[in-house]
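Here are some notes to go with your first look at this protein. Have the model open as you read.

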Amino acid sequence: MQATRGTSLTDDADATPQRPRGVTLVLFSIATAATYAVDQVTKYVAIRDLDPGRPRDLVGSALRLNLTRNPGAAFSVGTGYTAVLTLVAIGVIVFIIRAARRLGSPSWALALGLILGGALGNLTDRLVREPGPFRGHVVDFLELPHWPIFNVADSAICAAAALFVWLTVRGVRIDGSVQR
């Protein structure tokens, strides 16, 4: 079997042609930068325009803006471990950047970009917000009924997790090949 220009074949009979790495790295970078930028801008606006404890209805009671500061992880778990959570976030960021070198799948590029942008957004809060570096509280402001208050970074991380599951179930590997 011959490889055609722009594809690469592996020994795996079920392998699919890979996209050029440059395309997936650009998608990864755009997803990361866009997620981080939207997260930081929305947090800035929330801090500027919202008062803690005074929620505002955005879409009736289905979506409210409610400014809070979260010292813990998702769902306010681990509130006494802010420094540890900061170090875990740094580890996740390093892992994702290293994994991105193998990207060949646009879907994996999007998923890793979303999680990296979200992790960087919340890490920024932990490093620069009160009460101080490695102890900073994450800004949360989106509230759904019967759900903990969250932010754009949290949403991106959850969307990435769902995409990870979907890609894994479909057998899509990070390099773009498909396991059958």
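1. A quick term before we start: a residue counts as buried when its relative accessible area is under 20%, as exposed when that area is over 50%, and as partly exposed in between. With that in hand, look at Arg 129 and Asp 125: both are buried. They also form a salt bridge, with their closest N and O atoms 2.9 Å apart.

2. Keep in mind that this is a predicted model. Mean pLDDT for the protein is 88, and 88% of the residues reach 70 or more. The part to be wary of is residues 1-17, where pLDDT stays under 50. The model does give that stretch 19 contacts beyond four places in sequence, but where pLDDT is low, the predicted coordinates should not be read in detail.

3. Back to the charged pairs. How many salt bridges are there? The count comes to six. Another one joins the side chains of Lys 43 and Asp 39, at 2.9 Å from N to O. These two residues sit in helix 1 (residues 21-49), four residues apart, or about one turn of the helix. An α-helix has 3.6 residues a turn, so residues three or four places apart point the same way. Lys 43 and Asp 39 are both buried.

4. Which residues are linked with Asp 39 and Lys 43 in a network of salt bridges? They are Asp 125 and Arg 129, the pair from point 1.

5. Now try Asp 57 and Arg 64, which also form a salt bridge, their closest N and O atoms being 2.6 Å apart. Are these two buried or partly exposed? Asp 57 has a relative accessible area of 48%, so it counts as partly exposed. Arg 64, at 30%, is partly exposed as well.

6. Helix 4 (residues 152-170) deserves a look of its own. Its 19 residues should span 27 Å at 1.5 Å a residue, and its end C-alpha atoms are 27 Å apart, so the two values agree. At the N-terminal end, Asn 151 acts as a cap: one of its side-chain oxygens lies 2.9 Å from the backbone nitrogen of Ala 153. Just after the helix, Gly 171 takes a positive phi of about 80°.

7. What does the buried side of the story look like for helix 4? Its buried residues are Ala 153, Asp 154, Ala 156, Ala 160, Leu 163 and Leu 167. They pack against helix 1, helix 3 (106-128) and strand 3 (138-143).

How values were computed. Residues are numbered from 1 along each chain as its sequence is written. Side-chain values use heavy atoms; hydrogens and water are left out. pLDDT is the predictor's confidence in each residue, from 0 to 100. Contact means heavy atoms within 4.5 Å. A salt bridge is a side-chain nitrogen of Lys or Arg within 4 Å of a carboxyl oxygen of Asp or Glu. Buried means under 20% relative accessible area, exposed over 50%, partly exposed in between (1.4 Å probe, protein chains only). The expected span of a helix is 1.5 Å times one less than its number of residues. A polar contact is a pair of N or O atoms within 3.5 Å; within protein, one must be able to donate a hydrogen and the other to accept it, and residues adjacent in sequence count only if both atoms are side-chain atoms.
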